[in-house]
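Visitor: I would like a close look at a single part of this protein. Please take one helix and go through how it sits in the chain.

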Amino acid sequence: MSDPLEIFKGTAMVLRGDIAPWQRDTINEELDVRLVALDGRVISMQMGTQVVPDGAFDQDELFDLFYVPGGVGSGAIATDERVLNTVRRHHESGRIVAANCSGVGVLARAGVLGGLPATTVAAIARGLRNEGFNVSRSRRMWVGNPAERIWTATGSYGVNGSAVAMVSHYFGREIGTIVSMMFDTHSGLGDAIFEPVGPEFFEHPELESSFQDLFEEMLLPAD
C-alpha cells in the first residue's frame, strides 16, 4: 500500500511546484491523494504496521483514480459488495481503476477485467487463470490498458514502477521523470517507466505453486 500512496503524494508535490529541480513549462496544478479505510479507523497492515487513513470509505464518492492495494485484507474485500460496487461504478463512469498484488482479485470479482491482459502477484495468478482471466504465464511487472482505464500490477517489487508508469502516462514524461528520480525508479527500470506494460518477471514454477497452494484460498476466496 505504501509505495503507490507515497508516489502519488510525491506526484502531487511535484504538480504543485513544491519539488522543482528545474523550471517546468507546464503550470502548477492540484492533485488530491487520499487513503480511505472502510470504517475510517487505523489500518493494521499485514506485518503489523499501523497506518492512519485520511478518511472513511464513502460509496457515493467518485475519484479520478480508484486504487485497490493488495495484502491479506484483499481477500475479504473481494467479497464485500460495497467495494465491488464502487469499483464497478468508477469503471462505468469512465474513471481509472487500478490494483496491485492480490488487490487485482478485487477487480476480477467486480467484473471489470473481462478478457483484458492483466498481471498480479504469483500467489493468485493461477487462480485467476483458472477462472478465465488473461494473466500471461510470463507475468509482467505491470499491465496498463489505458483505453479501458484499467491498470494492474504485481506484488511489492512491481508496485514502484507501475505507479510511476501511471504518473508518466497521465501527467506526461517530464512529471514522470521527476517523480521517478525522487523514488530512484528510473535508475532501476530505465525507460520502461514510460511504457504501459512493464518488464517480464522471472518464472519459478515450483516455488510459485507452493505459494499458490498456501495463499490462494485466503487471497482469492471463491465467489
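Guide: What follows looks at helix α3 and then at the chain around it. The model is predicted. The protein chain has nine helices and ten strands, and α3 covers residues 81-92. Start with its length: at 1.5 Å a residue, the twelve residues of α3 should span 16 Å, and the C-alpha atoms at its ends are 16 Å apart, so the expected and computed values agree.

Next, its buried residues. Val83, Leu84, Thr86, Val87 and His90 of α3 are buried, that is, each has under 20% relative accessible area. These residues cover an arc of only 160 degrees around the axis, which means that they lie on the same side of α3. Their packing partners are two strands, β5 (65-68) and β6 (96-100), and two helices, α2 (74-77) and α4 (104-110). After α3 comes Gly94, which has a positive phi, near 80 degrees.

Now the chain as a whole. Buried residues account for 47% of its 223 residues. Of the contacts between residues at least 6 apart in sequence, 60% join residues at least 24 apart. A compact globule of 223 residues would have a radius of gyration near 17 Å; the protein chain has 17 Å, so it agrees with that rule. The C-alpha trace spans about 50 × 40 × 35 Å along its principal axes. The accessible surface comes to about 11,300 Å², and carbon and sulfur atoms hold 51% of that.

Methods:
Residues are numbered from 1 along each chain as its sequence is written. This is a predicted model: local features need pLDDT of at least 70, side-chain atom pairs count only at pLDDT 80 or more; totals for chains, interfaces and linings use all residues. Side-chain values use heavy atoms; hydrogens and water are left out. Helices (H or I, at least four residues) and strands (E, at least two) are DSSP runs, numbered from the N terminus. The expected span of a helix is 1.5 Å times one less than its number of residues. Buried means under 20% relative accessible area, exposed over 50%, partly exposed in between (1.4 Å probe, protein chains only). The arc is that of the directions from the helix axis to the C-beta atoms. Contact means heavy atoms within 4.5 Å. The radius of gyration is taken over C-alpha atoms; the globule rule is 2.2 Å times the number of residues to the power 0.38. Accessible areas come from the Shrake-Rupley method with a 1.4 Å probe; for residues, only the protein chains shown count as cover.
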